Every structure is written in structure tokens, then in C-alpha cells.
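Trainee: Could we go through this model together, starting with the metals and then the ligand beside them?
Mentor: Gladly, let's take it one question at a time.

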Amino acid sequence: MAFEDNQQLTRIFEEIADFLELQGENIFKVKAYQKAARGLEGLERSVTELYRSGALVSMPGFGKALVEKVGQFVDTGHVELHLQLKSSFPPEILHLMDVPGLGAKKAALLYKELGIGSVDGLEKALREGLVTDIKGFGKKTVDKLLEGIGLLRQGEQRWLLGRVSLLADELLGRLRALPVVQRAEAAGSLRRGKETVGDLDLLVISSAPEQVMEFFAGLGEVIGSGPTKTSIRWEGTFQIDLRCVPAESFGAAMQYFTGSMDHNVALRGRAKRMSCELNEYGLFDALGQCLASETEEEIYAKLGLPWIAPELRESGAELEWENQPERLELSQLQGNLHTHSLWSDGTDTLEQLAEEAQKRGYKYLAVTDHSRSMVVANGLSIERLLAQGEEIARLNRGFGDFRLLWGSEVDILGDGSLDFPEDILARLDFVVAAVHSQFSMSPEAMTERICRGISHPYVDVLAHPTGRKINRRVGYQADWERVYAVAREHGVALEINCSPRRLDLNDKAARRARDCGCLISLGTDAHSLPEFDYLPLGVLQARRAGIEAASLLNSLSWEQLRKRRPHLADV
Ligand code: DGT
Ligand code: CA
Ligand code: CA
């Protein structure tokens, strides 16, 4: 599905947006390029072809100026503005803007005042106290930036689950296509659904391991290789380990290399207490007789355990549980409860969202565009919200048993009030409330703010509750026990936001919220159609939290969701 030209131009537009922001250009101009980049990413046709056929002009978000840039790209492979901008800054300056906590304004100032144009340069200047003379760079900012550089470096080491999933799918596809490969699977932290992955572990059954090794070694820079194991570095940074294992001990190898380390230690301890030995080749009794090796199920069974789902293999404590939770399946979800359309900062029309949702078998889709305070995200005024409601009602009349839910992602303002008045929210089918501003409040004030926000009637979900962005931003501090108690009291669900950068709540927090009696809601926060693919990432996170379908708002039918709004007329 990926078109090379679309990918190249996406990247160019993203970089133009970053450069313009660095130059202090109007934020709406910056957003226009970001939006165009997102639109291209989700395109199911080649942009070159679209441009040549003249169909590009009718695409939302592509005004005259942007179409012209596409034209330059199609004709020359470059965009003039991009080359110009690129040549006027140091080569690594965009990477500098990846430092969490360093916005474009600050980056521009550092560049102008001190000529800082790289992450290493910034770190040096921070440590040597060179920045303290610049306005806005007090000790607090310096500490925050150093923390940000730490997060960035961490992010270079551990990739996001969403990214590694895509990479694994591609590589497994290529391995399985080899005639000498009988089976290929991913193990390690990816199989456990961990939110970040340190390295990717692949296992293969093959009739000719040396051919597999040769093929694999050709995919990246080789770090190490042997007759049945090869490690490569992907894109210069990310390690991938491939092992060929015998078919008769595939289960034992999957078990061993799935981990976690702590889970394995606990399992081996259990084997020992039964006078057995467990390793990557199988489970053996005191005489060295193999008791089980071909499948994981047999190994767990011989150890007197049910098969434990990979997502739950973490601390080792899961071996002692009386009951394993029922494993959540994507098919148990009736819909997606957090999405954006072209009405705010998404790239697709309501029709396109509805079509995609039906294609994926959803029974409903909540369209939750931003509220009026989110000016940079093209938040809806009351008038536009009401107009959107009419449009949704009109579309719903044309569907069979599918429904678009007319929703809003309403801002919880600094004082805990909501960004739309109660009588407006009362008319909506579905409301997710979220904090998008003033992250650095004291924990006490943030707790009050959130609790007040979710105490309003008609709030269904607290979206991305902690505001964290993995490897970018730690999230705001609050008394979460109190938040869960108030959410439970008001029947507000806590979101597991499925976006790979967020996965917020995380596994531990989601488990705790559920234990406190809260419902959990899964929403992709999709701003374009391919981002509907995020839903399975949220399912993995929910599984890691031991959350079953019964605790999910998404398990409810459209009619049951509707019953939460008894005052609304039937549709
Ligand atoms: P990561 O890559 O840091 O995200 O986490 P993992 O869990 O994928 O760790 P990795 O790649 O080092 O190893 C994969 C699995 O192999 C790990 O979860 C457990 C198993 N494993 C690796 N080394 C050892 C070891 O020395 N002892 C035991 N018991 N298991 C090991
Ligand atoms: Ca790994
Ligand atoms: Ca590994």
C-alpha cells in the first residue's frame, strides 16, 4: 500500500512545516503542511498519479499553493521551498526540535543567539551553563531540557510498539515467502505487547538455515552471525535477532525467547521444584527425558499451569494467579470511541470515516472533533458543532445498523470547566473530555481540575488521562486514586488511547483503574484512516492490564451506549 513518492513527499512537507515553525511563521501555515503530510500518508493512490490526472485539486487540504508544490515534486523530485529552507539551517537542526520540551520558538532562539544546531551542541551548552544568559532559560528549563535529551536518547534505543509491529509484519512476510522457511514468528517484548521494544526477536523453522541467514544478513548491517543466529542493525540503530530453531522444540524456543526474563526465572524455578529442567529446547525430567517441547501449551501444562498469554508474562507473579483473565479479542469491540474528521484536524470526511469503520466491521464510530478552545487544531465553534450534528444525523439515516456517534473531544479548561456549555453537551451522543493545556500545574491543582472536569454530566470518557507521550513527555502529575474514584462515581470511563506514541493509560494504570471499579474505553484518536490500525495496540495494552471485554465501554452496543443519554430522542 505504501507508495514511495507519497512517502518522500510526506517527509518533505513535514520538514517544511518544521522549518517554517523554526522561522516563526504563522502557525496556520505550519499546520497546513502538517495536515497535507498526514493526508499523503493515508492516501491509497500515488500522489504523482493524482496530480497528473488533475484529481489532487479536489482533495481537502490541498489549496493552490500546495498543489503547485506537488507539481514541483512530480516534475523534479524536489520542492523549491524545501531546498531553500534546508540550505539556510545547519543539517541537524530539525533533530534538535525532537528534544522533548524544546519548542520551535526556543530552538530558534538558541540557534540565533548561540548558533546551537544539534542535540549534542545543546547538551554541551546546557551542561556548561552557556544558555543561562538567554531569557527564558532558567535552571528549571535547563533541567527539563536535559531530561528531554535523556528521553530522546532513550527513544532512539527503544522503538515504539506501533513502529516495531509494522516492521515485524513486513519482515515476517518476507521470511515466510522464502521456500525454505516453514514457519516464522516474532517473540520477545513485541509478542508481549510492551509499549516500547528494545530489540526485535524473530524465530524461524527452516529446512535450510544457512539460506535464511544469508537472506537476513542482506537486510541490514550485520552485528553478529552464526549458522543458526544472525543479528543485524536496521536503519543503523535498531537491533533485530533472528534464530532458526528445530521444529520439534519450537514451542520451547517461543516460550524462552518471549520472556520476560522475570517470567522465565519464575517458570524455571517452578520446574526445578518439580525436579525438572526448562530451557529453550524443552522441559526435561531428572533423567534428561524430554517431557514437552513442541508447543508452549504442553510445556505450561506439564508444569501444572494453564497457557499464560504472552501479554501477561511479566513479573512472574502471574504464575500464582488463581484464574487467568479471559483474553480480550479485537472482534469483541463494537466500535472505536475517539476519532477526528476534517471538521477539526483530521484528514477525512465523515463519509470516509463511516465507510472505513464499516469496512472494519465496527457497529459504530464516535466522531470526537476538538472543541472551540483548540484553535490550532481547528476546534469547532458551537455553530459548527451543531452543523456537524445535522450532517451526522443525515448520514445516519442512510446506514443500516451502523451508527456515527455525534461526539466531541471537549477541553477541560484550566479551572476544570468544560469548553462547551452543558446544554450543548447534553445534545451530543458521546463526549470525551481531555486536558490539552497548562500541563505544569501543581499536582493538587491538576487533580482538582480533572475531577471537576469529569464531574460534569454527559462526560463519557477521560481521554489520554495522563497526557504522556512515550519518549517525548512524561505527562502531568495528579492524585490518580482520587481521579479513579471520582470517575467511578460519575460513571466516566478511563481511556486507553491507542495511539502508539500515547498508549495512555499505560498497562499498570489501566489495571489499577479497572480494579477501582472504572470502565475502560478504547479509542484510536485517529486523525487519518490508516490510524484506525492503532486499535489492536490498545487491545494489547488492555490485555497486559488483564482487562476483559466486560470492563470495556466498547463492548456495549450502540443502543446500550444510547441509554446513557435517556433524554435524547430515538433515532
Ligand atoms: P527488549 O528487547 O528489551 O524490549 O525485551 P525482551 O524481553 O525482548 O528482551 P531480549 O530481547 O533481551 O530477550 C528476549 C527474551 O529472551 C527475554 O524476554 C527472555 C529471554 N532471555 C534472553 N536472555 C535470557 C537469559 O539470559 N536468561 C533467561 N532466562 N531468559 C533470557
Ligand atoms: Ca527483544
Ligand atoms: Ca533480543
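Mentor: Before we start, a cut-off: an N, O or S atom counts as a donor to calcium within 3.2 Å, and water is not among the atoms, so sites may look incomplete. Keep in mind too that this is a predicted model.

Trainee: Which residue bridges the calcium ion (ligand 3) and the calcium ion (ligand 2)?
Mentor: The calcium ion (ligand 2) is coordinated by Asp199 through O and OD atoms, and by Asp201 through OD, at 2.2 to 2.4 Å. The calcium ion (ligand 3) has OD donors from Asp199, Asp201 and Asp241, at 2.3 to 2.7 Å. The two ions lie 3.7 Å apart, and the residue that bridges them is Asp199.

Trainee: How many residues apart in sequence are the parts that Asp201 and Asp241 tie together?
Mentor: The donor residues of the calcium ion (ligand 3) follow the spacing D-x1-D-x39-D. Asp201 lies in strand β4 (residues 200–206) and Asp241 in strand β7 (residues 238–244), so the pair ties together parts separated in sequence by 40 residues.

Trainee: Is Asp199 buried or partly exposed?
Mentor: Buried means under 20% relative accessible area. Asp241, at 5%, is buried, and Asp201, at 11%, counts as buried too. Asp199 has a relative accessible area of 22%, so this residue is partly exposed.

Trainee: What is the geometry of the site of the calcium ion (ligand 2)?
Mentor: Ideal angles for six octahedral donors are 90 or 180 degrees. Here the angles among the 6 donor atoms run from 70 to 167°, and the site of the calcium ion (ligand 2) is irregular.

Trainee: Turning to ligand 1, how much of its accessible area does the protein cover?
Mentor: An oxygen atom of ligand 1 is 2.8 Å from a side-chain N or O atom of Arg158, and a polar side-chain atom of Asp201 lies 3.1 Å from an oxygen atom of ligand 1. A nitrogen atom of ligand 1 is 2.8 Å from an N or O atom in the side chain of Arg268. Of the 600 Å² of accessible area that ligand 1 has on its own, the protein covers 72%.

Trainee: Which elements give two or more residues to the shell around ligand 1?
Mentor: The shell holds 16 residues, with Asp199 among the closest. They divide into 4 nonpolar, 7 polar and 5 charged. The elements giving two or more are α11 (188–191), α13 (250–258) and α14 (261–273).

Trainee: How many residues of α13 are buried?
Mentor: Phe250, Met254 and Phe257 are among the buried residues of α13. The helix is mostly covered, and the count of buried residues is 8 of its 9.

Terms used. Residues are numbered from 1 along each chain as its sequence is written. Chains are lettered from A and ligands numbered from 1 in the order in which they are written. This is a predicted model: local features need pLDDT of at least 70, side-chain atom pairs count only at pLDDT 80 or more; totals for chains, interfaces and linings use all residues. Side-chain values use heavy atoms; hydrogens and water are left out. Donors are N, O and S atoms within 2.8 Å of the metal (3.2 Å for Na, K and Ca); water is not among the atoms, so sites may look incomplete. Four donors count as tetrahedral if all angles lie between 85 and 135 degrees; four count as square planar and six as octahedral if opposite donors are over 155 degrees apart and all others between 65 and 115; anything else is irregular. Buried means under 20% relative accessible area, exposed over 50%, partly exposed in between (1.4 Å probe, protein chains only). A residue is near a molecule or strand if one of its heavy atoms lies within 4 Å of it. A polar contact is a pair of N or O atoms within 3.5 Å; within protein, one must be able to donate a hydrogen and the other to accept it, and residues adjacent in sequence count only if both atoms are side-chain atoms. Accessible areas come from the Shrake-Rupley method with a 1.4 Å probe; for residues, only the protein chains shown count as cover. Helices (H or I, at least four residues) and strands (E, at least two) are DSSP runs, numbered from the N terminus. Ala, Val, Leu, Ile, Met, Phe, Trp, Tyr, Cys and Pro count as nonpolar, Asp, Glu, Lys and Arg as charged, and the others, Gly among them, as polar.
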